[in-house]
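Subject: Structure handover

Hello,

Here is the structure I promised to pass on. Please open it first, then read the notes below it.

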Amino acid sequence: MQNANQGQSATLDGQHLHIGIVQARFNADITDALAKACVEELHAMGVQSIDHVFVPGALEVPLALQALAERAEYDALIALGCIIRGETYHFELVANESGAGVTRVGLDYHIPIANAILTTENLDQAVARQHEKGRDAARVAVEMACLVDDLAADVAEVVDDGEDQ
């Protein structure tokens, strides 16, 4: 939902993070704008270590995310793409399968993935969302990477405390 009340997160500091971005080239004007907004927001949060790869379309995004996740060097990943409804069922197939694939990679590899693969009814809707959703993806990636790091540290602390007894 555009302009939704997303609540307020703490100030995000991404200086220590390594982020990977996978961008689909299909609907390049939209995905280029998503990427520009995303990278600008990552830089604003202090992220300097960014790897950016390109794939043909949204269906290829999950495989590239998986390849990056297997490298085990990223704190979070970002999926960028744009699927605009056409006249056939292909829209549903691409939207559903790319979304499921992105989620599966995140869960399988225990890595936060911000999914900014837009799914819109028309080009006007995509244009209206391209900047906000690019920025949102950057914030989600940094917030979730920091949260996962904090939770892992908390678990390690509990384990250490239990061994001391």
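Among contacts in the chain between residues at least 6 apart in sequence, what share join residues at least 24 apart? The figure is 79%. Keep in mind that this is a predicted model.

**Overall layout**

The chain holds four helices and four strands. Along the sequence they follow the pattern β-α-β-α-β-α-β-α. The chain has 165 residues, and 41% of them count as buried. Its accessible surface is about 9,300 Å². Carbon and sulfur atoms account for 51% of that surface.

**Strand 1 and I21**

Start with I21, which sits in strand 1 (residues 18–24). Is I21 buried or exposed? I21 counts as buried, because its relative accessibility is 0% and the cut-off for buried is under 20%. Leaving aside residues up to four places away in sequence, I21 touches C38, V39, L42, I50, D51, H52, V53, I78 and L80. I113 is also worth finding. I21 and I113 are 92 residues apart in sequence, yet their C-alpha atoms are 9.4 Å apart in space.

**Helix 1**

Helix 1 covers residues 28–44, which makes 17 residues. From first C-alpha to last it reaches 24 Å, close to the 24 Å expected at 1.5 Å a residue. Its buried residues are I30, T31, A33, L34, A35, A37, C38, E41 and L42. Two of these names, C38 and L42, appear among the residues that I21 touches. Just after helix 1 comes G46, with a positive phi of about 95 degrees.

**Helix 3**

Helix 3 spans residues 90–109, 20 residues in total. Its reach is 28 Å from first C-alpha to last, close to the 28 Å expected at 1.5 Å a residue. Which residues of helix 3 are buried? They are F91, V94, A95, S98, G101, V102, V105 and G106. Seen down the helix axis, these buried residues fall within an arc of 145 degrees, so they line one face of helix 3. That buried set packs against helix 2 (61–70), strand 3 (76–84) and strand 4 (113–120). The face turned away from the buried side carries the exposed residues N96 and L107. H110 follows helix 3 and has a positive phi, near 55 degrees.

**Salt bridges**

How many salt bridges does a search of the whole structure find? It finds seven. Here are some to look at.

- R71 and E73: their side chains meet in a salt bridge at 3.5 Å, N to O. R71 is partly exposed, with a relative accessible area of 46%. E73 is partly exposed too, at 34%.
- R85 and E92: the closest N and O atoms of this salt bridge are 2.4 Å apart. R85 is partly exposed, with a relative accessible area of 30%. E92 is partly exposed at 23%.
- R85 and E121: in this salt bridge the closest N and O atoms are 2.8 Å apart. The pair links distant parts of the chain, 36 residues apart. E121 lies in the loop between strand 4 and helix 4, and R85 in the loop between strand 3 and helix 3. E121 counts as partly exposed, at 41% relative accessibility.

There is also a network. Salt bridges that share partners join E41, K133, D136 and R139 into one group. Of these, E41 is also listed among the buried residues of helix 1.

**A nonpolar patch**

Last, look at the surface around V140. Which residues form the nonpolar patch there? V140, M144, L147, V148 and L151 do, with about 380 Å² of accessible area together. V140 is found in helix 4 (residues 123–164). V140 counts as partly exposed, because its relative accessibility is 41% and partly exposed runs between the 20% and 50% cut-offs.

**Where to look first**

Try I21 in strand 1, then the buried face of helix 3. After that, go to R85, which forms salt bridges with E92 and with E121. Finish at the nonpolar patch that includes V140.

Best wishes

Technical notes:
Residues are numbered from 1 along each chain as its sequence is written. This is a predicted model: local features need pLDDT of at least 70, side-chain atom pairs count only at pLDDT 80 or more; totals for chains, interfaces and linings use all residues. Side-chain values use heavy atoms; hydrogens and water are left out. Helices (H or I, at least four residues) and strands (E, at least two) are DSSP runs, numbered from the N terminus. The expected span of a helix is 1.5 Å times one less than its number of residues. Buried means under 20% relative accessible area, exposed over 50%, partly exposed in between (1.4 Å probe, protein chains only). The arc is that of the directions from the helix axis to the C-beta atoms. Contact means heavy atoms within 4.5 Å. Patches are made of residues with over 30% relative accessible area and no salt bridge: like charges are joined within 9 Å, nonpolar side chains (Val, Leu, Ile, Met, Phe, Trp, Tyr) within 5 Å. Accessible areas come from the Shrake-Rupley method with a 1.4 Å probe; for residues, only the protein chains shown count as cover. A salt bridge is a side-chain nitrogen of Lys or Arg within 4 Å of a carboxyl oxygen of Asp or Glu.
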